[in-house]
Amino acid sequence: MAAKINNLFAIAIGGALGTLLRYHLNVNLFFDFMPNATIVENLAGSFCLGFLTGLLLHKKFPEWLKLGLGVGLFGGFTTMSTFAADTFSIFALHSSIDALKYLSFTLFGALAMAAIGFVVGSCIGARNKNKNWEDSLR
Amino acid sequence: MSTVLIALGGSLGAALRYVLSSVLSARNSHKFPTAIIAVNLLGAGGLGFFISYYYETITYSFYTCNIYLCFGVGFFGAFTTFSTFSLEAIGLLQRKEYNYFFLYIFLTIFGSIVLFSISFMFFQY
């Protein structure tokens, strides 16, 4: 039970950081009717989660760190609800072509980024298999 | 002030997603990832209701309105996730579950857009 509270705490901290990062990108990158910031966030977050998942094939991380990063930070940084809202508003206020562009760019981009991240992460993990992550700090 | 509200909503959303998805996936031993579908659809529908209900308050000032920052950006934003969705879809593709792969994408993407639209219109029309 104590471990579960730790995990939940790590997820909450990661979620708060990811959400704040997303908010600041939204405010600073929002320059036309296309929600560029949300595209960047969903693609980058998918890459990072892919990378982490690939890395974890070869490296052992403590449970709280895995969950804090994967579920909390990257999960909180990316968003499906804003994606749905954006697609709807582009469709309603602009054109269905633009909505389709946004949808397919996010979808295929995020899938590709997740796959690339996974491959890169598992290559780096395999190369550093015998190294301890504490050792790399020395 | 806005930083605290966003962080609060984000941490609650992420923690609730974890709890709900682990409860749902514990009940379901099937290889199809229903838990994240449920979470994303629930979150997209929830955001629709929320924006619809507070439409007058939050229009044209999304990023200065505290209630939108806390619930819209924070809670519903962090409750739903795109990264886990892409990873699970790639996992289905890797295991050559092509039918599940297309079903998963279709249900999540069109489901969340349709649910958002329906719930958004709820208080509007």
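How many residue pairs in polar contact does the rule find across the interface of chain B and chain A? With both residues of each pair at pLDDT 80 or more, the count is 13, and it should be read with the reminder that this is a predicted model.

**Stop 1: the two chains together.** Select chain A and chain B and display what lies between them: 43 residues of chain B are in contact with 41 residues of chain A. The two chains bury about 3,400 Å² between them, and 78% of that area is on carbon and sulfur atoms. Now pick out Y18(B), Y63(B) and F82(B), which supply 21% of the area that chain B buries against chain A, more than any other three residues. If you look for salt bridges across this interface, the rule finds zero.

**Stop 2: the side of chain B that touches chain A.** Colour chain B by helix, and you will find that α1 (2-26), α2 (34-53), α4 (66-79), α5 (83-94) and α6 (98-122) each supply at least two residues of the side that touches chain A. The largest share, eleven residues, comes from α1(B). Recolouring this side of chain B by class gives 25 nonpolar, 17 polar and one charged residues.

**Stop 3: T78(A).** Move to chain A and select T78(A), in the loop between α3 (63-77) and α4 (81-93) of that chain. Is T78(A) buried or exposed? Its relative accessible area is 0%, so T78(A) is buried. Within chain A, the side chain of T78(A) reaches the backbone oxygen of F74(A) at 3.0 Å; towards chain B, a polar atom of that side chain lies 3.1 Å from the backbone nitrogen of F82(B), a residue already selected at the first stop as one of the three that supply 21% of the area chain B buries. Leaving aside its neighbours within four places in sequence, T78(A) is in contact with residues of chain A, among them R22(A), E41(A) and N42(A), and with residues of chain B, including G77(B), T80(B), T81(B) and S83(B).

**Stop 4: α4 of chain B.** Finally, select α4(B), whose 14 residues should span 20 Å at 1.5 Å a residue, and place a distance between its end C-alpha atoms: they are 18 Å apart, which agrees. Eleven of the 14 residues are buried, so α4(B) is largely enclosed by the rest of the structure. Among the buried residues to label in α4(B) are Y68(B), L69(B), C70(B), F75(B), F76(B) and F79(B), together with G77(B), which also appears among the contacts of T78(A).

Methods:
Residues are numbered from 1 along each chain as its sequence is written. Chains are lettered from A and ligands numbered from 1 in the order in which they are written. This is a predicted model: local features need pLDDT of at least 70, side-chain atom pairs count only at pLDDT 80 or more; totals for chains, interfaces and linings use all residues. Side-chain values use heavy atoms; hydrogens and water are left out. Contact means heavy atoms within 4.5 Å. Buried area is the accessible area (1.4 Å probe) that two parts lose on being put together, summed over both. A salt bridge is a side-chain nitrogen of Lys or Arg within 4 Å of a carboxyl oxygen of Asp or Glu. A polar contact is a pair of N or O atoms within 3.5 Å; within protein, one must be able to donate a hydrogen and the other to accept it, and residues adjacent in sequence count only if both atoms are side-chain atoms. Helices (H or I, at least four residues) and strands (E, at least two) are DSSP runs, numbered from the N terminus. Ala, Val, Leu, Ile, Met, Phe, Trp, Tyr, Cys and Pro count as nonpolar, Asp, Glu, Lys and Arg as charged, and the others, Gly among them, as polar. Buried means under 20% relative accessible area, exposed over 50%, partly exposed in between (1.4 Å probe, protein chains only). The expected span of a helix is 1.5 Å times one less than its number of residues.
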